[in-house]
Structures are given as C-alpha cells and as structure tokens.
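Here is a protein model to explore together. Take a moment to turn it around on your screen, and then we will walk through some of its details.

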Amino acid sequence: MTTKKLDVVTLEVLRNVLPAITNEMSYVLQRTSYNMMIYDVRDYCCALLDTEGRLLAQNTGGVSHFVTDMGTLIKDAVTRFGKESFRRGDVVVTNHQRVAGQHLNNMMVYTPYFAEGELAGFAAVRAHWVDVGGVSTGFGAGGLAADPWMEGLQLDQVKLYEQGKLDEKVWSIIRDNIRFPQSSMGDLKSQIAACHLGEKRIEEIYDRYSRAIVEQGVERIFDQTEARCRAVVSGFRDGVYYSESLFRGLPADNNEPLQIKVKVTIQGGDMEVDLTQCSRERRAAMNSRTLSAPVIAYKAITLPTDPVNEGAFRGLKIKIQEGNYMMARYPAPMASWSSSLPTVVDTILHALAPALSDKIPAGHLGVLGGTVVFFGANPGTGQRFVTQSIEGGGWGARPWEDGECAAVSVCQGDVRNAPIEKMELRWPVRVLRRELRRDSGGAGKFRGGLGLDTEVMGLVEGSWNVFDSGRDNYPPQGLNGGLQGEPSAHFLRLPGEAEFRYVKLTRHAVPEGAQAIVATAGGGGWGNPLERDPEKVRWDVIEGYVSIEAAQKNYGVVLEQKTLAINREATERLRAQMAASAQGPDHSPQHYKEN
C-alpha cells in the first residue's frame with residue numbers, strides 16, 4: 001500500500017478552496033436572511049474550524065473582531081462535551097458571555113463535519129440579530145444592561161438539532177423570548193443553511209483528497225502563513241514601543257474613562273502586545289472577553305490582503321490578565337463589548353509609528369461607526385420594527401495620501417451602512433440627508449478622511465438610541481504634526497423645536513416627526529498642514545471637503561471668495577507667519593512609562 005503525499009498542486013487547491021467555501025457560505029447567508037443587518041450591512045462572519053478551534057478559513061470581508069472568538073467557543077464545546085458527543089445533523093447555538101464575551105445579539109451557530117467516519121471540525125456562522133430580548137433591541141443595551149440577564153436571552157452551547165431532529169422546546173424558548181421572531185428565527189434558519197453548505201463542501205474535499213492529505217495541506221498552509229508574517233515583522237526595527245488612549249466612561253463607573261495602555265515588543269520575527277496596563281473590568285457594560293484587537297492590528301501590518309487562517313496569528317504573543325476589561329469575568333456586563341476595540345487597534349498601531357513611520361496612519365474614527373437605531377410599532381401595519389444602520393466615519397491620513405472618507409472601522413470587515421432606499425421602503429423613516437461632514441477631517445500634509453452627517457426623521461412615534469459612541473470627547477489623533485479629526489456627535493430635534501440639541505439618550509420615546517442626526521468622526525491628519533499643496537487645499541474647498549475659512553485657518557491657504565483662486569502672495573505671507581509663531585499642541589500619540 002502506497003502512502004499518498006501532498007503535492008504542490010493539491011496544496012494550492014486547498015489554499016484557495018477553503019476560503020471559497022466560506023465565501024459560498026456567506027452568499028447563502030446574504031440571500032436567505034431576513035435581517036438587513038445581515039443581508040445588507042453584513043454584520044456576520046462565516047468560518048471553517050478544526051476540532052481544536054483552529055481557523056481554517058474565514059469569508060472575505062467577514063467581521064474582523066469575530067475571528068478570534070469563534071475558535072474559543074469550539075474549544076470550549078469540545079472540552080466540555082467531548083468529540084464523541086457530536087453527531088451528523090447536530091446544530092449548536094450559543095451567544096453566552098462566559099467564554100467568548102460579546103453582546104448577546106451576536107448569535108453563533110455551528111455544525112460538525114466528518115471525514116472517514118470521524119469528527120473533523122465545524123462550520124460556523126456568527127451574525128448580529130436585531131433583538132434577543134431584554135434591552136438588546138438594536139444596539140441599545142450598552143448603557144442600560146447592568147448584567148447579562150438584563151441584556152437578553154443567554155444560550156450556552158445549546159443543541160437545537162440532535163442528529164437532524166429539531167428540539168421543539170428549545171426552538172420555542174428562543175422564539176418566545178425575542179421581540180422579532182420572524183426576523184431572528186429566519187436568520188437562524190439562514191445560519192443553519194450556510195453551515196450545512198459548509199459541511200457539504202468541506203466533506204467533498206476530504207472525500208476527494210483523503211483526510212491525511214487535507215490535514216497535511218492545512219498544516220503546511222498554517223506554517224507558510226506564519227513564516228510570511230514573521231518575515232514581515234523581522235523587517236521592523238527591534239524595540240519596545242508604547243502608546244495610550246482614553247475612551248469614554250459611563251455613570252456606573254463615575255464617568256471615569258477607560259485607559260488603554262499598550263506595550264509592543266519586537267524582536268526579530270516575534271511580536272508581543274502587552275495589554276496588562278489597561279483598565280480593569282467595569283461595572284458598566286464596556287467589558288469583553290476577546291483578543292481580537294491585537295490580532296486585527298497584527299494582521300493589518302503583516303499580510304492584510306491575504307486570506308485569514310490560524311497561521312496568520314501564531315507569530316503574535318498577547319499578554320492580558322483575567323479581570324482586564326478585555327478579559328472580563330462572567331457575569332461582568334458586556335453589551336458594549338466592541339465599542340472600544342477600534343481605539344485599541346489604533347493605539348497599538350500608533351505605538352508602532354516610530355518603527356513604521358512610512359506605514360502607520362493617523363487615528364481613524366476609533367469606534368464601530370455611528371449607530372442609527374429607531375424602533376417601535378408601525379400603526380399602519382400593526383407590526384413592530386427596528387431601524388438599524390452603521391454609519392462610517394473618517395480614516396486617518398496616511399504618510400503618502402489622504403484618509404478614506406465615510407468608511408467603517410478597522411474591526412468590521414465589509415460591514416456597510418444600510419441603503420437609504422431600503423431603509424425607507426422597509427421602515428417608517430425618512431432619511432433627510434447622508435452627506436460628508438465638511439471640515440471633519442484633520443488637517444495635515446495629508447488630510448484625514450471625512451465623517452458623515454446622517455439625518456433621519458421618524459414617520460411614527462417610537463424610541464431613539466442616540467448616544468455617545470465613546471469618542472465624543474476624544475478626537476482621532478493626528479500624527480507627525482497632523483491635527484486631530486473632528487469628534488463624533490449626536491443630536492435630536494422634536495417637532496416644534498427650532499434647533500437640534502446635543503443628546504445622549506437610550507430607548508428615548510419620541511413623537512412622530514422627531515429627527516436625529518448621527519455625526520461620525522473624521523480621521524486625523526498626517527504631517528504639517530502648512531506643507532499641503534495649496535492646489536490640493538483649493539480642490540478640497542471646491543469639492544466641499546474643507547470650508548474656505550478652514551483652508552485659511554488650518555492650512556494657511558488664502559482663496560478669493562468669488563473665484564476660489566489661490567492668492568499666492570497672501571498665502572505665502574500667512575504660512576510664513578503661522579510657521580514662525582504657532583508652535584501648536586503636540587498631536588503625536590501619547591506615551592506612558594512602565595510603573
């Protein structure tokens with residue numbers, strides 16, 4: 001009997017077919033789901049994992065900050081129940097915060113797949129449900145949920161199907177404890193369908209090549225991916241790098257801001273991210289139990305465009321202690337689990353700016369976007385509704401070009417805002433405007449990307465969630481002399497009121513005709529604004545990105561009011577005066593020393 005060996009052609013087939021399977025799972029989910037947060041906004045991730053919870057592949061554009069936690073849940077299930085407890089046709093649902101702490105709306109469904117009669121791994125889908133009971137509607141539990149029970153329904157590794165047979169009691173418990181059962185139970189069916197497709201496709205690959213060949217190929221892919229990541233890191237300057245940021249606190253913690261302090265050590269091809277100096281777990285629902293922020297930062301600076309698999313993270317060591325707010329212990333509230341993660345990623349990248357001065361951008365919006373959430377009951381149809389969208393913001397300018405405008409955060413993969421036409425067709429709202437926010441991008445040699453102003457009017461009475469996303473008082477940082485971006489803000493105007501007022505409200509009842517504005521942050525600028533080409537500043541004014549007043553104040557560019565022509569003499573004189581007299585604040589990342 002001859003032993004089959006892995007050849008280079010089969011290796012390349014495996015390297016490409018595994019992500020292709022997860023992409024096909026993604027297409028099924030998009031086309032069959034009921035919830036716009038899945039089929040349009042794409043707040044989900046599809047994955048294949050082995051029995052150790054190692055990531056074989058994730059769909060292109062899958063939500064980045066889901067990636068580290070899916071394997072954690074698989075390892076937990078296999079450890080608790082044993083491999084022998086899984087049978088063909090099983091379907092497991094879980095959203096519990098005991099192991100991989102996220103908000104309870106992120107429901108994970110997974111199914112086992114088999115090779116040569118033995119359990120080989122799992123197909124999994126994690127997706128955002130619009131409601132899981134409690135105060136979870138939309139993104140609204142964050143400021144209210146004092147514990148997981150208040151937040152919503154908790155499911156801890158529950159088998160919904162056993163060997164293909166539905167447990168009707170479990171199905172009823174889930175259905176009867178959520179406000180939008182048609183949507184969420186439809187999404188559940190879509191997640192199951194996507195997992196079953198993943199099972200079928202991966203088992204076809206095992207049948208075609210044998211389990212031994214597939215597993216050899218997976219190990220080779222992991223090893224090669226790790227080696228390539230380490231090779232990138234070995235090109236960085238060895239050293240120990242520090243940075244810190246602040247993120248808004250909540251009343252339960254006396255409004256004391258979160259402290260995000262990072263220490264990054266590079267030695268050869270090794271990188272270590274130390275998060276042990278970050279804030280301890282909180283009374284407010286700012287906690288999580290995830291390693292996703294350092295993993296995302298590592299991926300971003302090593303092989304950002306390559307497919308994701310377990311090997312992409314093996315060269316990274318993460319130090320974090322139990323009781324850290326990102327490694328909180330159940331039942332610490334976690335409803336706003338992901339709000340600060342983009343800022344953690346930014347802080348890690350800023351720490352590395354001295355080592356990677358030609359690659360690291362200025363700070364981006366630093367949160368998961370501006371959330372549009374309006375819900376209630378439509379008197380015209382008698383049905384309950386929840387309006388949801390995630391509005392993008394500005395990314396930081398780069399050392400070679402301006403930042404991107406109106407993009408979601410670094411943690412969100414291909415998540416996008418909900419299309420206006422579908423919002424107005426499906427929900428009783430009118431989107432009055434969604435436009436780039438002038439002057440929100442931080443000034444610099446390269447300008448920060450612009451945030452968005454999104455104004456929505458409710459056509460019926462209902463409730464709004466319009467609250468500080470976490471960075472209203474902490475603008476995105478500039479870098480290398482660039483200025484900070486404009487921070488986010490949220491406004492509400494009731495019928496009969498002349499002006500919008502700044503608000504921080506959750507589940508706030510309003511009458512028909514109330515209007516809300518969600519204004520997202522602009523990205524920080526990179527480099528001295530006085531070094532920006534005056535012609536670029538002029539075109540920013542023409543395009544509406546920068547006002548004529550800001551062009552003069554921040555860039556020292558004087559434009560004629562009527563023609564917008566550059567007054568060269570006045571510009572040279574003003575820039576010389578600004579360079580000579582204005583020392584300005586230091587907009588570089590803040591650093592800390594070890595105690």
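Over the ring of which residue does the charged end of arginine 538 sit? The ring belongs to tryptophan 539, and the charged end of arginine 538 sits 5.8 Å from its centre. Please keep in mind as you read on that this is a predicted model.

**Charges and rings**

Lysine 159 gives another example of a charge over a ring: its charged end sits over phenylalanine 86, 5.4 Å from the ring centre. Phenylalanine 86 also has aromatic company, since Phe86, Tyr110 and Phe122 form one aromatic cluster.

**Rings in pairs**

A pair of aromatic rings is described by the distance of the centres and the angle of the planes. To count as a pair here, ring centres must lie within 6.5 Å. By this rule the count comes to eight aromatic pairs. In one of them, tyrosine 113 and tyrosine 206 have ring centres 6.1 Å apart and planes at 35°, so this pair is tilted. Tyrosine 113 lies in strand 4 (residues 106–115) and tyrosine 206 in helix 6 (residues 181–209), which makes this a link between distant parts of the chain, 93 residues apart. Are these two tyrosines, tyrosine 113 and tyrosine 206, buried or exposed? Both tyrosine 113 and tyrosine 206 are buried.

Another tilted pair is made by phenylalanine 446 and tryptophan 526, with 6.3 Å from centre to centre and 45° between the planes. Phenylalanine 446 sits in the loop between strand 14 (429–436) and strand 15 (452–458), while tryptophan 526 sits in the loop between strand 20 (515–519) and helix 11 (534–543), so the pair ties together parts that are 80 residues apart in sequence. Phenylalanine 446 and tryptophan 526 are buried too.

**A covered helix and an open patch**

How many of the 11 residues of helix 9 (residues 341–351) are buried? The count is 11 of 11, so to speak a full house, because a residue is called buried when its relative accessible area is under 20%. Among these buried residues are Leu341, Asp346, His350 and Ala351. They pack against strand 8 (239–247), strand 9 (258–267), strand 10 (270–274) and helix 8 (292–301).

Now look at the surface. Val8, Val9 and Val13 form a nonpolar patch there, and together they have about 270 Å² of accessible area. Valine 9 belongs to helix 1 (residues 8–32). Why does valine 9 count as exposed? Its relative accessibility is 58%, and exposed means over 50%.

**Backbone surprises**

Most residues other than glycine have a negative phi, and most peptide bonds are trans. The table shows two residues with a positive phi, although neither is a glycine.

| Residue | Phi | Place | Relative accessibility |
|---|---|---|---|
| Asparagine 254 | about 55° | loop between strand 8 and strand 9 | 68%, exposed |
| Aspartate 439 | about 70° | loop between strand 14 and strand 15 | 30%, partly exposed |

Phenylalanine 446 and aspartate 439 both belong to the loop between strand 14 and strand 15.

Which peptide bond is cis, with omega near 15°? It is the bond from tyrosine 330 to proline 331. You will find proline 331 in the loop between strand 11 (316–319) and helix 9, the helix whose 11 residues are buried.

Notes
Residues numbered from 1 in each chain as written. Predicted model: local features only at pLDDT ≥ 70, side-chain atom pairs only at ≥ 80, totals over all residues. Heavy atoms only, no water. Patch = residues over 30% accessible without salt bridge, like charges linked within 9 Å, V, L, I, M, F, W, Y side chains within 5 Å. Areas by Shrake-Rupley, 256 points an atom, 1.4 Å probe, with all protein chains shown as cover. Salt bridge = Lys/Arg side-chain N within 4 Å of Asp/Glu carboxyl O. Helix = DSSP H or I, 4+ residues; strand = E, 2+ residues; numbered from the N terminus. Buried < 20%, exposed > 50% of the residue type's maximum accessible area, 1.4 Å probe, protein only. Phe/Tyr/Trp six-rings, centres within 6.5 Å; stacked < 30°, edge-to-face > 60°. Lys NZ or Arg CZ within 6 Å of the ring centre and 35° of its normal. Contact = heavy atoms within 4.5 Å.
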